[in-house]
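Hello,

Here is the structure we talked about. Please look it over, then read the notes below.

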Amino acid sequence: MKKKKLWLRILAAVSAFGLLFIAAWITLSFTGDPISAALSQRAAKDYIQQSGLYTMGFEVSRAAYNFKLGGYLVHAVSPNNPDLHFDIICRNGKVDYDTYQSDVLENGNVISRFQEEYRALLQIQMEQAGLGRINLFIGVNEPQDSAVWVPGMAFDPNLPVEKSVQLYPDLEKLTLEEAAGYLQKVSAFLREKGHHFTSVGLFDTDDEHTVMLSDIPVEQIEKPGFLDYLRQVQEAQEADEQTKEGAAYAVPTESDDTPKEENPPTVWVE
């Protein structure tokens, strides 16, 4: 009887240690371990020195394990310029790759900061104008290597770049009529405040209905008969979908070389 109790205690202890090992393994798979983190941070520091980036004043953060990337992420930042920062991804104590090319050399940070600062400005102004507390996204159609992008430049809403805005409002009714009326109010607001956008989009949904408008030219919003324009776009889309469905069963013919719009407007209401 005593031997049986002893074996039960040993089995319980082994099971407990096994559970602790599994728990520790799962935790480390999500958070990493301090030794690998220290090696990654040292590798990132050496990488900054060897690449000559130390002359730009880059400082590195503590290495943090990123489960999605499957490695340790170190953020390099220069306190001398708000647009000089990038990530260094390390695996097995060595630098795997970095985002310096896209973030700094290709002006990714400058463009992102411009979009975010414009978004914050527009969001506050629209709320003050009674257009609701909405989410929005600013898009820019300007080459990354354009001379207009300068790291550290001051934010300027009048920067000569082609811009679009995507709105996520809370409409009272999810209908095409309601969306058209809202966009007309938005267009009048943009004109009053001197904001210049080439196109506007809108998306709102609930458990039963969805309204999605995208790439709607601002010049069309300001014309009479805007609601009719949206209906025509919607009808054209439905006809195009039916044509595509029919073409799936038709005999192949010569391709149509008619030029297509790069970003044609979309109207979807259900």
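**Aromatic pairs**

Start with Phe-114 and Tyr-118: both are buried. Keep in mind that the model is predicted. The two residues share helix α4 (residues 108-128). Four residues separate Phe-114 from Tyr-118, about one turn of the helix. Rings pair if their centres lie within 6.5 Å. By this rule there are eleven aromatic pairs. Phe-114 and Tyr-118 make an edge-to-face pair, because their ring centres are 5.8 Å apart and their planes stand at 80°, where over 60 degrees counts as edge-to-face.

Phe-226 and Tyr-229 form an aromatic pair too, and this one is stacked. The centre-to-centre distance is 6.3 Å, with 20° between the planes. Both residues lie in helix α7 (residues 226-247), three residues apart, about one turn of the helix. Phe-226 and Tyr-229 are both buried.

Phe-114 and Tyr-118 also belong to an aromatic cluster. Its other members are Trp-149, Phe-155 and Phe-197. Phe-197 has a charge over its ring: the charged end of Lys-163 sits there, 5.6 Å from the ring centre.

**The cores**

In soluble globular proteins, nonpolar side chains tend to be buried together. Here the largest nonpolar core holds 40 residues. Those with the most contacts inside it are Leu-122, Met-126, Trp-149, Leu-167, Tyr-182, Leu-213 and Leu-230. Which elements give two or more residues to this core? The helices are α4, α5 (176-193), α6 (218-221) and α7. The strands are β6 (135-141), β7 (162-168), β8 (199-205) and β9 (210-217). α5 gives the most, with eight residues.

Tyr-182 is worth a look. Leaving out residues up to four places away in sequence, Tyr-182 touches Met-126, Leu-131, Ile-134, Leu-167, Pro-169, Leu-171 and Leu-202.

There is also a second, separate core, of 15 residues. Val-74, Phe-86, Cys-90 and Val-104 are among them.

**Helices α4 and α5**

α4 has 21 residues. From first C-alpha to last, α4 reaches 30 Å, close to the 30 Å expected at 1.5 Å a residue. The buried residues of α4 include Gly-108, Asn-109, Arg-113, Gln-115, Gln-123 and Gln-125, along with Val-110, Ile-111, Leu-122 and Met-126. What covers the buried residues of α4 includes β4 (85-91), α3 (100-105), β6, β7 and α5. Just after α4, Gly-130 takes a positive phi of about 80°.

Glu-127 lies in α4 as well. Glu-127 is partly exposed, at a relative accessible area of 35%. Beyond its neighbours within four places in sequence, Glu-127 contacts Gly-132 and Arg-133.

α5 has 18 residues and reaches 26 Å from its first C-alpha to its last, close to the 26 Å expected at 1.5 Å a residue. The buried residues of α5 are Leu-176, Ala-179, Ala-180, Tyr-182, Leu-183, Val-186, Ser-187, Phe-189 and Leu-190. Gly-194, just after α5, has a positive phi of about 80°.

**Backbone points to check**

Asn-92 has phi near 55°, a positive value in a residue other than glycine. Where is Asn-92? In the loop between β4 and β5 (94-98). Asn-92 is exposed, with a relative accessible area of 79%.

Asp-215 also has a positive phi, near 55°, and is not a glycine. Asp-215 is found in strand β9. Its relative accessibility is 29%, so Asp-215 counts as partly exposed, since that label runs between 20% and 50%.

**The C-terminal segment**

Glu-270 is in the segment after β10 (266-269). Its C-alpha is 5.4 Å from that of Thr-210, 60 residues away along the chain. Setting aside neighbours within four places in sequence, Glu-270 contacts Glu-208, His-209 and Thr-210.

**Overall numbers**

The protein has seven helices and ten strands. Of its 270 residues, 33% are buried. Among contacts with a separation of 6 or more, 57% join residues 24 or more positions apart. The accessible surface comes to about 17600 Å², with 55% of it belonging to carbon and sulfur atoms.

Best wishes

How values were computed: Residues are numbered from 1 along each chain as its sequence is written. This is a predicted model: local features need pLDDT of at least 70, side-chain atom pairs count only at pLDDT 80 or more; totals for chains, interfaces and linings use all residues. Side-chain values use heavy atoms; hydrogens and water are left out. Rings of Phe, Tyr and Trp (its six-membered ring) pair if their centres lie within 6.5 Å; planes under 30 degrees apart count as stacked, over 60 as edge-to-face and the rest as tilted. Buried means under 20% relative accessible area, exposed over 50%, partly exposed in between (1.4 Å probe, protein chains only). A charge sits over a ring if NZ of Lys or CZ of Arg is within 6 Å of the ring centre and within 35 degrees of the ring normal. A nonpolar core is a set of buried Ala, Val, Leu, Ile, Met, Phe, Trp, Tyr and Cys residues joined through side-chain atoms within 4.5 Å. Contact means heavy atoms within 4.5 Å. The expected span of a helix is 1.5 Å times one less than its number of residues. Accessible areas come from the Shrake-Rupley method with a 1.4 Å probe; for residues, only the protein chains shown count as cover.
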